[in-house]
Structures are given as structure tokens and as C-alpha cells.
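Let's take a relaxed walk through a protein model, one piece at a time. Keep the 3D view open and turn it as you read.

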Amino acid sequence: MKKPLMRIPYTGPLPPPTIIPGFANTPTGARHALTRFLSPQVLPNAHLSSVDKASTKTVLLTGAGISVASGLADYRGTGGTYTLNRTYRPIYYNEFTSNHEARKRYWARSFLGWTNLHKARPNVAHNAVKDLGKLGLVSSVITQKLHGYLRSLVCIHCHNQLPRSDFQNSLSSLNPQWATFLEEMLATGALNSENPGERKARGLKSNPDGDVDVPNAPYTTFRYPACPTCLASPPALADGTRASVEVDDDGAWSPTSNAGVLKPAVVMFGESIASDIRTAAERAIDKASRLLVVGSSLATYSAWRLVKRAKERHLPIGILNLGGVRGEESFYAGLETANEGELGVRCNESADQLLPEVVDNLRHY
């Protein structure tokens, strides 16, 4: 029987990691192993092609876990959305683009969650990644992260972009009762805590894509604006006819429209990655001397296949993630027992605690 495909997003439990090398099961050991992994002085050139030998650079592949210390939720960590909320289901691209009611619910939740997302700042792990770049040890960063790009919107019809802050102001104007509710939550401190338990006690659920779920909220009353570019100049449709973009008296998008829909400028679940972005990520892997995964369980295929590509090119692979990672055992198959981190490393540590220490080591390595 053919093995069924893993559904996306994959929310099932992942097996615990096997720490590599064995001494990396303590913070001190993990720091030593990851330092050796990233150090160009101990690069295992025998495993690389002549093209790769010209480079001693690492590609970083980062996920939601790297931003937990910034106060943002992740998906599968100890306090992650899938861990604490087994019924959570993110919106899919085709659902968002075809369903007006689904968009109401999405933008209502996003409206409430935007305040915390907007004020989030880079943490020490992000700064450590920057420092690795300054040290000349990182050639590229491939991010699965949504948060930076959630600060922008894109129209699915004319493809023009709009700042998320402007959109938030429009949402507030179109939904005065929701705006009052948000002000009340902010005034009482309901959104101040990033502790999932405290938020749950307040009747709130926050998710990695910057939304807040309020059980039994009247999402169907929420309104959102049309793309201003499409409203001013409706685009042509695929059949050559001119699109119709209509709004109500307050400027809210009307379901009689067939264009002018804005979405977050991210790749949503079920949406295809643009070919130029996919190609750029693959080329980054092909030119790298090693790959380090930070804060990702690789549960989405788009990320997992990049690590598989690195494995097929015999690149050393490092994973720094709390909890299990999809298919990680295959990435370390056949690894030499004498390895002290230079051939591969698997650490079950927090990026914000380990990466800054590794950077300090590398400065003096």
C-alpha cells in the first residue's frame, strides 16, 4: 500500500530528537558542538565538491521557534499553538480567496492580534544570526517566518502592496465596536501577557500568524476595505473583461465585487511558493558548505525538501530546535561516530540561549 502523504499543516506528535553528538545533551556540550559545526577551521572539506570548497559559508533555515523569545507564539513548541490547541486550524489560501465569511473571520482575529505583532522586536537569537553574517559565516538566511511580511499586504488581483499599519487604521474605522473592544483589552492588559496559560485564562488564544481568537465572537459583523488600487482602477480579469470592485457607504469591500481582495504578503497554507523564491532557496543550498536549521520542526514540505536537498549534496546538517523534527533521523544516517559536531549536530536547546554563546565562541575560535 502506498504510504499516505503527510497532511499540511502536520499537527501530530513528532518523536523526540536523538542528540548528535552525544555530549551535546548539555548546554555546554551543545555550545561546543555547534561552534565546531559553524567554524570554517574545522570544515570537513572531504565531504564537499570542489565548487563548495571555495565557500565556507552556512545557510540558515529558520522557523517560528526563533521568534518565541520576541513574544510570538510558535506552532509545535512547548507553548505552541498545535501543542496547546489541538483544534486549531489555520486558514487555507483557497478558503481565503474564495470565501467572504472566512476573510471576515481572518481579518477580525488579525485586527485584535496586530498590536502585539507590531510591537514585537528582534530577540538575541535574531541578533546572533546578524552577528554570524558579520563574521562571514552565513551566506544566506531562508526564513519560514511569517511575522516580518505580515507587516505588508498584497492584492491578489492587481498585486500592489499596502502597509499593514494603514490597513489596521481602515479596519478600525470600519469596525468601531471592534475597535472599542480592542481598546478595552489593551486597557485591562489582556493582550500584555505572552504566557499561553494566562491568555487562555482571559478567554484568548493567540497564534503564530498574529491573530487572536475570542471564542463566540461575532466575526460575521466584521468588515474590511477593498484594495485602493483596484477600487480606483479595476483590473482586467483572465477572460479580458474589466473587474467590478464595489464598496458600501463606509468603504467596506462588497461581496458583489469580483476583485480588490487584499491578503497578507506571506505564503499561506495551500498557496504555491513563487518560482523565483523557490529557485533562489535551492541555489542558496547548492552554493552552501553546510545547512543549519533553527527553530523549525520542518513539518511543512517546502522546508523539509530543502534539508533533503542538502543531504543529497552531502552537506553537513545542523538542527537547533526544541522538540522533534520531521524525518530528522534520515539527515544523520551514516554519520561517523568520531564526529564532534563538524559533520553534523542536533541540539535540543533554545536558540535565544545557545546562539549568542556560540557567536562569542566563534569570535575567539
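At what angle do helix 1 and helix 14 pack, and how far apart are their axes? Keep in mind that this is a predicted model. Here, helix 1 (residues 27–38) packs against helix 14 (residues 351–363) at about 55 degrees, and the axes are 9 Å apart. That angle makes the pair oblique, and their crossing is right-handed. On the helix 1 side, the residues that make the contact are Pro-27, Ala-30, Arg-31, Leu-34, Thr-35 and Leu-38. They meet Leu-354, Leu-355, Glu-357, Val-358, Asn-361 and Leu-362 of helix 14. Sorted by class, this contact has eight nonpolar, two polar and two charged residues.

Just before helix 1 there's a little oddity to look for. Pro-21 sits in the segment ahead of that helix, and the peptide bond leading from Ile-20 to Pro-21 is cis, with omega near -15 degrees.

Now zoom out for a moment. The protein has 14 helices and ten strands. Of its 365 residues, 49% are buried. Among contacts with a separation of 6 or more, 75% come from residues 24 or more positions apart.

Next stop: strand 3 (residues 152–155). Which way do its side chains point? Ser-152 and Val-154 point one way, Leu-153 and Cys-155 point the other way, and all of them are buried. This fits a general pattern, because side chains in a regular strand alternate between the two faces of the sheet.

Strand 3 has partners, too. With strand 4 (residues 161–163) it pairs in the antiparallel sense over three bridges, and Val-154 stands opposite Gln-161 there. The two strands form a hairpin with five residues between them. Strand 3 is also joined by three bridges to strand 7 (residues 262–264), again running antiparallel. In that pairing, Leu-153 has Pro-264 as its bridge partner.

Finally, here are some residues with a positive phi.

| Residue | Phi | Where |
|---|---|---|
| His-159 | about 70 degrees | turn of the hairpin of strand 3 and strand 4 |
| Leu-298 | near 55 degrees | loop between strand 8 and helix 12 |
| His-314 | near 65 degrees | loop between helix 12 and strand 9 |

Are Leu-298 and His-314 buried or exposed? Leu-298 is buried, with a relative accessible area of 0%. His-314 counts as exposed, because its relative accessibility is 55% and the cut-off for exposed is over 50%.

Technical notes: Residues are numbered from 1 along each chain as its sequence is written. This is a predicted model: local features need pLDDT of at least 70, side-chain atom pairs count only at pLDDT 80 or more; totals for chains, interfaces and linings use all residues. Side-chain values use heavy atoms; hydrogens and water are left out. Buried means under 20% relative accessible area, exposed over 50%, partly exposed in between (1.4 Å probe, protein chains only). Helices (H or I, at least four residues) and strands (E, at least two) are DSSP runs, numbered from the N terminus. Two strands pair if DSSP finds at least two bridges between them. Axes are lines fitted to C-alpha atoms, for helices over the stretch in contact, and angles run from 0 to 180 degrees between N-to-C directions. Angles under 35 degrees count as roughly parallel, over 145 as roughly antiparallel, 65 to 115 as roughly perpendicular and the rest as oblique. A crossing is left-handed if the near helix is turned anticlockwise from the far one by less than a right angle, and right-handed if clockwise. Contact means heavy atoms within 4.5 Å. Ala, Val, Leu, Ile, Met, Phe, Trp, Tyr, Cys and Pro count as nonpolar, Asp, Glu, Lys and Arg as charged, and the others, Gly among them, as polar.
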